[in-house]
2 protein chains.
Amino acid sequence: MRVEVINTGTEILLGNVVNSHLTFLAQQLFPLGLRIGRQVTVPDGDDIRAALGEAMARAEIVFVTGGLGPTTDDITREITAEMLGLDLELDRAVLKSIEERFARRNAVVTERVQRQAQVPRGARVLPNEHGTAPGLYLQTGSSAHLFLLPGPPRELEPMFFASVLPFLKQIVPERADLDMRTWRITGMGESNVEAEVGADLLAIDGLELGYCARPGEVDLRCIGAPAALELADQIVRSKLPSHISSDTGEPLEEVVIHRLAALGKTLAVAESCTGGFVAHRLTDVPGASAVFREGFVTYANEAKQRALRIEHELISNHGAVSHEVAVAMAENARSISGTDFALATTGIAGPGGGTENKPVGTVYIALAVRDTKSIVERHTFATDRETFKVLTSQAALDLLRRALVTSAAG
Amino acid sequence: MRVEVINTGTEILLGNVVNSHLTFLAQQLFPLGLRIGRQVTVPDGDDIRAALGEAMARAEIVFVTGGLGPTTDDITREITAEMLGLDLELDRAVLKSIEERFARRNAVVTERVQRQAQVPRGARVLPNEHGTAPGLYLQTGSSAHLFLLPGPPRELEPMFFASVLPFLKQIVPERADLDMRTWRITGMGESNVEAEVGADLLAIDGLELGYCARPGEVDLRCIGAPAALELADQIVRSKLPSHISSDTGEPLEEVVIHRLAALGKTLAVAESCTGGFVAHRLTDVPGASAVFREGFVTYANEAKQRALRIEHELISNHGAVSHEVAVAMAENARSISGTDFALATTGIAGPGGGTENKPVGTVYIALAVRDTKSIVERHTFATDRETFKVLTSQAALDLLRRALVTSAAG
């Protein structure tokens, strides 16, 4: 079945916003055997009309994003209803949920906001758990299956999983006996992953292979028959034994929190260069409070000395970015907070602060473990400030993950 | 003049790569008075034919990216020559530069690689300083101006500045005197922003209006003549005086850090429910270390009592999520770290932990200021855990921003 995507949004065509919907939809549709044949971006307003007409003439499934909101430039709903010859009707249930949402925020439901409760006759409402405008699913006669989805990714993405995916599974014919398996690989670059396993995997009959690299991790994706995937799994596990953080798509912070929770262990973090990002990632995981007790974001040296009881001499002798200070931060964070484990990061995020021996990007990462010797790693992540924080947090969480695998095995 | 962009690349439609060309081109074209009317992504291969025919029928200027390389699926050059009825001819100068490039890398120039030196008769070559495939500029008879550009951003972007921009400046008529202005609005939803200023702005002759909402902020964008934008600016500033966080696109954390740095003031944060996210945002700003000294991520109550010296009775009497505990967290963080300001957050991120009086989403945000009374706000952000953290951090940073505006004005 041919799929097309229409993204509406003047801000995309002005370069104010990057279109993340295409990537998201493509990645979600792939496992269903669906590929996007064409994608179009049109400005807010009447241009959607022509794009929708063309897409519906070519494709069996059409996704439209954006233009469902309350403002005057949001006219996707109206134009679609007009093109399909459907009247708009007030949906009481949608209106009620908008009113409840606004009541919780003590906000007034204006006439404009109420427009979002207008639904083309016969359309199915896709509830929006994270905003006011619901999505809509329409299919009339022999026309294409049409999904109208809200523009904000935080609304679209949960709606896709909750409401779009179940519909798609009814629409899309049972695909040939193909399955997909994704291994999330940490601590190796994309080309090294390919060098280790690429040739062996390509030798498996009927296996389709893909790589998706993000900062600090690579998803290795295989599509094929179950037997071929079993073979692939054996190869990946034997070649990259300590590098597979997940085969379920779980992010690294979830892997670590769930593992610690299962072991009944607790964690603290002491952060300098990551500035709270490691704590932030850990506390994104529901239930983190059973494991994560405390973060020390000791950006200033004075804070390292006071809050983490690092001796002034240690910093003046070795520098705040050093093996010795990283270990002391981890060990003191662990003992002060009384946890089983503590991670520490200290490095030079840049753009300033580098020296010849410790250039911008240098970072020390330490792990303190109750009743065991601490572990330290030095890395150099010469990149921009934000990517530096991502790479450092990945390396820190992965250091803990590997320690937990070892301790569970030992 | 109407501009359209065609991006070719199967990897974009598979979601393996984000299309960064659109953002780049849009931002470069805007100052010339050019706006992209439509953008299309097609897979590698023959699909470019239909897209190119449609775009050339509608637009005066067409950019095509990708498909100029050496592999079999790179056929942009061939299809374009065929559609315009032009023969391909070997360009000796291009071939020489490819051969020199390969010689430097001790690589062999294969027949496939040589294909990149084929140039449609009459086309102008746009040299590629960072790769082998040159760009091409074509214009025949009354057809659109057509730019074929290489797919890799590190080749396309320097080529744009060196070769495309000079051509465009000859092609594009003296621009109509249009400019763009964007106000970033905090503390209000999109529909409330429109209710406040939408009608007045739409009444300004020749002004184009757009809204882009993100969690906790709305960008209000106007395009028009300078005089119209001045009028718009007066309306926005008089109607939303305390809600404009920026008119330069600066994120809120940058606004706050830059303002504090200019005042020579320092900041600490004490976070419970945001779990390090406020510290993370602040430390994303280059130069944050001059302002931000320390973060206390006191997730466990024991950590609140020890690290922030919150009395056990205060927590047992009022609850950790309370006006009183938020104030104590902010005031103690400020006095312990010795900073001028401190922000504190304590709330229920969910999914668990809500009560009747304090449902999931309840949050108290406090700001302590040296020698001044603390300020506290209560909000209810009933949403998912990650959005809760974003909204809470926005409200906290905005509380500080507003206090800084007041203190500077007072």
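## A sheet shared by both chains

In this predicted model, an open sheet of 12 strands with mixed pairing runs in the order S6(A)-S7(A)-S8(A)-S3(A)-S1(A)-S2(A)-S2(B)-S1(B)-S3(B)-S8(B)-S7(B)-S6(B). Strand S6 (124-126) of chain A and strand S6 (124-126) of chain B stand at the edges, and because each has a single partner strand, one side of each is left without a neighbour in the sheet. Neighbouring strands of this sheet are turned by 15 degrees against each other on average, with direction ignored.

Where the two chains meet in this sheet, strand S2 (residues 36-42) of chain A and strand S2 (residues 35-42) of chain B run antiparallel and are joined by three bridges; within that pairing, Thr41(A) has Gln39(B) as its bridge partner. On the chain A side, strand S1 (residues 3-8) pairs with S2(A) in the parallel sense over six bridges, and Glu4(A) of chain A stands opposite Arg38(A) in S2(A).

## Helices lying across the strands

Helix H3 (residues 48-58) of chain B lies across strands of both chains, namely S2 of chain A together with strand S1 (2-8), S2, strand S3 (61-65) and strand S8 (145-149) of chain B, and it runs at about 170 degrees to S1(B). Helix H7 (residues 153-171) of chain B, in turn, lies across S3, S6, strand S7 (135-138) and S8 of chain B, running at about 170 degrees to S8(B).

## A second sheet across the interface

Another open sheet, of 10 strands and again with mixed pairing, has the order S17(A)-S16(A)-S15(A)-S13(A)-S14(A)-S14(B)-S13(B)-S15(B)-S16(B)-S17(B). Its edges are strand S17 (372-380) of chain A and strand S17 (372-380) of chain B, each of which has a single partner strand, so one side of each is left without a neighbour in the sheet. The twist in this sheet averages 10 degrees from one strand to the next.

Within the chain A part of this sheet, strand S13 (residues 267-271) and strand S14 (residues 292-298) pair in the parallel sense over five bridges, and Ala268(A) stands opposite Glu294(A) in S14(A).

## Extent and make-up of the interface

Taken over the whole interface, 72 residues of chain A are in contact with 78 residues of chain B, and the area buried between chain A and chain B is about 5,800 Å², of which carbon and sulfur atoms give 50%. In chain A, the residues that lose the most area to chain B are Leu14(A), Arg38(A) and Arg154(A), which together account for 11% of what that side buries. Arg38(A) is thus named twice in this description, since it also stands in S2(A) opposite Glu4(A).

The count of residue pairs in polar contact between chain A and chain B is 37, with both residues at pLDDT 80 or more, and the residues on the side of chain A that touches chain B divide into 31 nonpolar, 21 polar and 20 charged.

## Salt bridges between and within chains

Side chains of opposite charge can pair when their charged atoms come close. Between chain A and chain B the count is seven salt bridges; among the pairs that link the chains, Arg306(A) forms a salt bridge with Glu294(B), with the closest N and O atoms 2.5 Å apart.

Over all chains, the count comes to 55 salt bridges. One within chain A is formed by Arg121(A) and Glu89(A), whose closest N and O atoms are 2.8 Å apart. This pair links distant parts of the chain, as Arg121(A) is in the loop between strand S5 (118-120) and S6 of chain A, whereas Glu89(A) is in strand S4 (residues 88-90) of chain A, 32 residues apart.

Methods. Residues numbered from 1 in each chain as written. Chains lettered and ligands numbered in written order. Predicted model: local features only at pLDDT ≥ 70, side-chain atom pairs only at ≥ 80, totals over all residues. Heavy atoms only, no water. Contact = heavy atoms within 4.5 Å. Buried area = accessible area lost by both parts, 1.4 Å probe. Salt bridge = Lys/Arg side-chain N within 4 Å of Asp/Glu carboxyl O. Polar contact = N/O pair within 3.5 Å; in protein donor to acceptor, adjacent residues only side chain to side chain. Nonpolar A, V, L, I, M, F, W, Y, C, P; charged D, E, K, R; others polar. Pairing = 2+ DSSP bridges. Helix = DSSP H or I, 4+ residues; strand = E, 2+ residues; numbered from the N terminus. Axes fitted to C-alpha atoms, helices over the stretch in contact; angles between N-to-C directions.
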